[in-house]
Structure formats: C-alpha cells, structure tokens
Amino acid sequence: MAGHSQFKNIMHKKGKQDAIRSKLFSKLAREITVAAKLGVADPAMNAQLRAAVIAARAENMPKDNIERAIKKAAGGESENYDEVRYEGYAPGGVAVIVEALTDNRNRTAGEVRSYFAKAGGSLAETGAVSFLFDRVGLVAFDRTVADDETMLEAAIEAGADDVVSGPEEHEVITSVEALRDAQKALEAKFGEPLRAAIIWRPQNTIAVDDEAGEKILRLIGALEDNDDVQNVTANFEISDALVAKMQE
C-alpha cells in the first residue's frame with residue numbers, strides 16, 4: 001500500500017473531530033461548486049460534478065449541504081477559484097503533487113512553500129515531478145460488493161485497465177477518457193462507488209525509513225489541513241511499525 005493511502009487510513013481510524021469534519025465539508029462544497037460552475041449543474045450530465053458529489057456522500061456530507069453548493073454555482077453566487085497544481089520534494093527524495101482550489105494564488109503558494117520548507121523538503125517548478133505519475137481514472141468500491149475475480153471480470157468488460165484489490169476496497173483503474181463509461185457500467189452492477197475521480201498514480205513508490213516517513217506524513221497532514229488544498233499525492237511507502245505508531 002502506498003504511503004499516501006496509508007496516511008488516509010490512519011486519519012480515518014483516528015476519527016474526525018467536529019472541526020476536522022467541518023473543514024472537510026467546506027473543501028467538498030468548494031469542489032462541488034467549482035465542478036457545477038464548469039459544466040452543467042446536474043450530476044447525471046456532469047462527470048466531474050458527479051465525482052465530487054460521490055466523494056461528499058462517502059464522507060456523510062448532508063444532502064442539504066450538497067444541494068446548496070450546487071445551487072450556489074447555478075445561481076452565480078459562488079466565489080471564483082483557480083485550479084492550481086504544485087509539485088515538490090519531501091524528505092527521502094519523495095515526489096509530491098498538491099492540487100488546490102484558491103481565490104488567492106500568492107497566499108496559497110506561500111503557504112504550500114512554507115510547509116515543504118518546515119518538513120525539510122522543497123517546492124519545485126510545475127512539471128518537476130509529475131512525469132513520475134500517470135494521470136488515470138479511479139473508481140473505488142467497498143471490498144464486500146464482489147470477490148476479486150468478479151470485480152476483475154466486470155472491470156475488463158467495462159473497459160478498465162487494472163484492478164487493485166486490497167483488504168478494504170477494490171480500486172478500478174481506467175484511462176481518463178474511459179472513466180465515465182467504466183464508472184456507469186460498474187455502477188449498474190455494484191451500485192454507487194466509494195469514490196470516482198481522476199487522480200495522479202505513482203509509477204513506482206519509494207520505501208522510506210521511519211524518520212523520513214514521519215516527516216512526510218506530517219507534511220501531508222499540514223498540506224491537507226490547508227483550506228485551499230484539495231488533494232495531495234506522493235510516491236512513498238512506509239513501514240507497518242510507523243503505521244501502528246501513527247494510529248496510537
């Protein structure tokens with residue numbers, strides 16, 4: 001399991017306090033609003049919006065909040081946000097991609113740069129590390145909806161490229177172009193997925209020692225705590241011992 005996936009699991013198992021959940025809902029609402037503004041304000045007709053709504057539902061965001069975010073965009077009441085990508089290096093030479101939605105590029109860039117510096121890493125130029133990742137579609141389902149073979153067969157029929165079945169979920173990987181059709185076909189068989197999105201997928205991962213791993217996890221934590229940051233991806237793996245320690 002890649003380090004960033006491990007980080008997500010650690011945070012989920014620690015539980016969400018009200019403040020963390022409130023911040024998460026704000027980010028999800030921003031993503032929904034931006035997606036609705038860029039296309040049709042109907043999840044059935046707007047793949048990016050549907051993915052944002054699925055992500056919100058997966059985090060138990062209230063239906064009223066979701067509908068309010070969509071209406072805000074449709075009514076032209078929403079703020080204007082720029083989609084920005086930052087790339088950099090974390091301790092151990094680990095590559096990091098940060099995706100943000102911001103109404104102030106200078107503020108966000110300064111904050112992201114400071115997080116990298118405090119962690120012993122560095123912010124780089126756009127394009128510096130993205131070649132180490134593939135841009136792919138992802139449709140994730142709970143592990144219980146199907147066994148490995150059934151999911152693999154369904155994914156192949158839906159036009160997917162790969163399936164990674166872990167202890168908690170099946171991750172179906174597609175090309176960016178095939179994501180929408182594959183998602184529809186898989187939803188027809190297994191119901192709504194846990195999430196569906198276009199992501200950065202590391203081509204290879206770097207195993208780091210516990211000292212570097214802890215610094216990287218703290219860097220990711222600081223980045224994801226920023227109001228403007230939507231997604232963070234990194235190409236590292238950490239030990240089971242560090243996973244256990246971070247869950248304490």
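## A tour from Ser 130 outward

Begin by selecting Ser 130, which, leaving aside its neighbours within four places in sequence, is in contact with Arg 85, Glu 87, Ile 97 and Trp 200, where contact means heavy atoms within 4.5 Å. Ser 130 lies in the loop between S3 and S4, and at 13% relative accessibility Ser 130 counts as buried, the term standing for under 20% relative accessible area, with exposed meaning over 50% and partly exposed in between (1.4 Å probe, protein chains only).

Before going further, note that this is a predicted model, in which local features need pLDDT of at least 70 and side-chain atom pairs count only at pLDDT 80 or more, while totals for chains, interfaces and linings use all residues. Residues are numbered from 1 along each chain as its sequence is written, and side-chain values use heavy atoms, with hydrogens and water left out.

**The whole protein.** Colour by secondary structure, and nine helices and 10 strands appear; helices (H or I, at least four residues) and strands (E, at least two) are DSSP runs, numbered from the N terminus. Of the 248 residues in the protein, 42% are buried. With the surface switched on, the protein exposes about 12700 Å², of which carbon and sulfur atoms supply 48%; accessible areas come from the Shrake-Rupley method with a 1.4 Å probe, and for residues only the protein chains shown count as cover. Among contacts between residues at least 6 apart in sequence, 73% join residues at least 24 apart.

**The sheet with S1 and S2.** Next, select S3, S1, S2 and S9, four strands that form an open antiparallel sheet in that order, two strands being paired if DSSP finds at least two bridges between them. Strand S3 (122–124) and strand S9 (229–234) stand at the edges with a single partner strand each, so one side of each is left without a neighbour in the sheet. Neighbouring strands of this sheet are turned by 30° against each other on average, direction ignored; axes are lines fitted to C-alpha atoms, for helices over the stretch in contact, and angles run from 0 to 180 degrees between N-to-C directions. Within the sheet, nine bridges join strand S1 (residues 82–90) to strand S2 (residues 94–102) in the antiparallel sense, and Tyr 86 has Val 98 in S2 as its bridge partner. Now add helix H5 (residues 105–118), which packs on the sheet and touches S1, S2, S3 and S9, its direction making about 15° with that of S1. Helix H8 (residues 210–225) lies across S1, S2 and S9, and runs at about 160° to S9.

**The largest nonpolar core.** Show side chains here, and look for Val 94, Val 96, Leu 223 and Phe 236, which touch the most other members among the 26 residues of the largest nonpolar core; such a core is a set of buried Ala, Val, Leu, Ile, Met, Phe, Trp, Tyr and Cys residues joined through side-chain atoms within 4.5 Å. The elements giving two or more residues to this core are S1, S2, H5, H8, S9 and helix H9 (240–246), and H8 gives the most, with six residues. Centre the view on Val 96: not counting residues up to four places away in sequence, Val 96 touches a set of residues including Tyr 86, Phe 116, Val 129, Leu 223 and Val 232.

**The sheet with S4 and S7.** Move on to the open sheet of four strands in the order S5-S6-S4-S7, again with antiparallel pairing. Strand S5 (162–165) and strand S7 (195–202) are at the edges, each with a single partner strand, so one side of each is left without a neighbour in the sheet. The twist averages 30° from one strand to the next. S4 and S7 run antiparallel and are joined by eight bridges, and Arg 135 stands opposite Trp 200 in S7. H7 packs on this sheet, touching S4, strand S6 (169–174) and S7, with a direction that makes about 15° with that of S4.

**An aromatic pair.** Rings of Phe, Tyr and Trp (its six-membered ring) pair if their centres lie within 6.5 Å, with planes under 30 degrees apart counted as stacked, over 60 as edge-to-face and the rest as tilted; by this rule the count comes to one aromatic pair. Select Phe 141 and Phe 190, which form this edge-to-face pair at 5.6 Å centre to centre, with 65° between the planes. Phe 141 lies in strand S4 (residues 133–142) and Phe 190 in helix H7 (residues 179–190), so the pair ties together parts that are 49 residues apart in sequence. Phe 141 and Phe 190 are both buried.

**A last stop at Ala 69.** Finally, select Ala 69 in helix H4 (residues 63–74), a buried residue with a relative accessible area of 5%. Not counting residues up to four places away in sequence, Ala 69 touches Ala 29, Ile 32 and Thr 33.
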